[in-house]
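Visitor: Could you walk me through this fold while I have it open on the screen?
Guide: Gladly; let us look at it together.

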Amino acid sequence: MNRRQWMMIGGISVLALVAGIFSSHWISQTGLASDPSIKAFFANPWKTPDGKSANIDDWRGKVLVVNFWASWCPPCVEEMPTLDKIAQEYASKNVLIVGIGIDSPSNIRQFLEKTPVSYPIMIGGLDGSALAKQMGNAQGALPYTVIINAKGKSVFTKLGKISEEELKKAINSAI
């Protein structure tokens, strides 16, 4: 290759890098879940992996941490021990973590046999993915966490793996 071709490749590479930097900010942005999407969340007939209906009334009036995840998603699996720890730590403070598995019931059951958690897990399937998008996850990526305060308003969303410190800070501000 001649010098001109190398300069052209270098210029295109720099432009691609700059475009990537600016678009990464846009891609990782999420919005708070709208009131209609929160209503849709509570109206959904959530089922446990063993097919039992969830008692949604038990979720109302609590700070609810809703975590959309999948067994095939490495960051989702990595954050589960943190979610489990915080679920136990904050249970006496009227905080409930609920996992919404974007997977089949059989896959979720198999996963939970190997990786049990103390917080409730519900089957989301494709409807759960669509609901996550309604709740501010425009990209449809996982994991995705939404915090709903005791009054039923969205106060926090996070696309991607959430750290213990970040989650505690968000929960404490919602209490």
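**Helix H5 and the sheet**

Guide: Keeping in mind that this is a predicted model, I would start with the face of helix H5 turned away from its buried side, which carries the exposed residues Leu126 and Asp127.

Visitor: And which residues of H5 are buried?

Guide: In H5, which covers residues 125-134, the buried ones are Gly125, Gly128, Leu131 and Ala132. Looking down the axis of H5, these buried residues fall within an arc of 105 degrees, so they line one face of the helix.

Visitor: Why would residues spaced like that point the same way?

Guide: An α-helix has 3.6 residues a turn, so residues three or four places apart point the same way.

Visitor: What do the buried residues of H5 pack against?

Guide: They pack against helix H2 (35-43) and against four strands, namely E1 (63-69), E2 (95-101), E3 (121-123) and E4 (144-148).

Visitor: OK, on to the sheet. What's the strand order?

Guide: The order is E3-E2-E1-E4-E5, in an open sheet of five strands whose pairing is mixed. Strands E3 and E5 (154-159) are the edge strands, each of them pairing on one side only, and the twist from one strand to the next averages 20 degrees.

Visitor: In what sense do E2 and E3 pair?

Guide: E2 and E3 pair in the parallel sense, over three bridges, and if you want a residue pair to look at, Ile100 has Met122 in E3 as its bridge partner.

Visitor: Which helix packs on the sheet, touching E1, E2 and E3?

Guide: That is helix H4, residues 105-114, and its direction makes about 160 degrees with the direction of E3.

Visitor: Switching to the backbone: where is there a cis peptide bond?

Guide: A cis peptide bond joins Leu142 and Pro143, with omega at about -5 degrees, and Pro143 has its place in the loop between H5 and E4.

Visitor: Which residue just after H5 takes a positive phi?

Guide: Gly136 does, with a phi of about 110 degrees. Asn94, a residue other than glycine, also has a positive phi, in its case near 65 degrees.

Visitor: Where is Asn94?

Guide: Asn94 sits in the loop between helix H3 (74-90) and E2.

Visitor: And why is Asn94 called partly exposed?

Guide: Because its relative accessible area is 37%, and partly exposed is the class between buried, under 20%, and exposed, over 50%.

Methods
Residues numbered from 1 in each chain as written. Predicted model: local features only at pLDDT ≥ 70, side-chain atom pairs only at ≥ 80, totals over all residues. Heavy atoms only, no water. Buried < 20%, exposed > 50% of the residue type's maximum accessible area, 1.4 Å probe, protein only. Helix = DSSP H or I, 4+ residues; strand = E, 2+ residues; numbered from the N terminus. Arc of directions from axis to C-beta. Contact = heavy atoms within 4.5 Å. Pairing = 2+ DSSP bridges. Axes fitted to C-alpha atoms, helices over the stretch in contact; angles between N-to-C directions.
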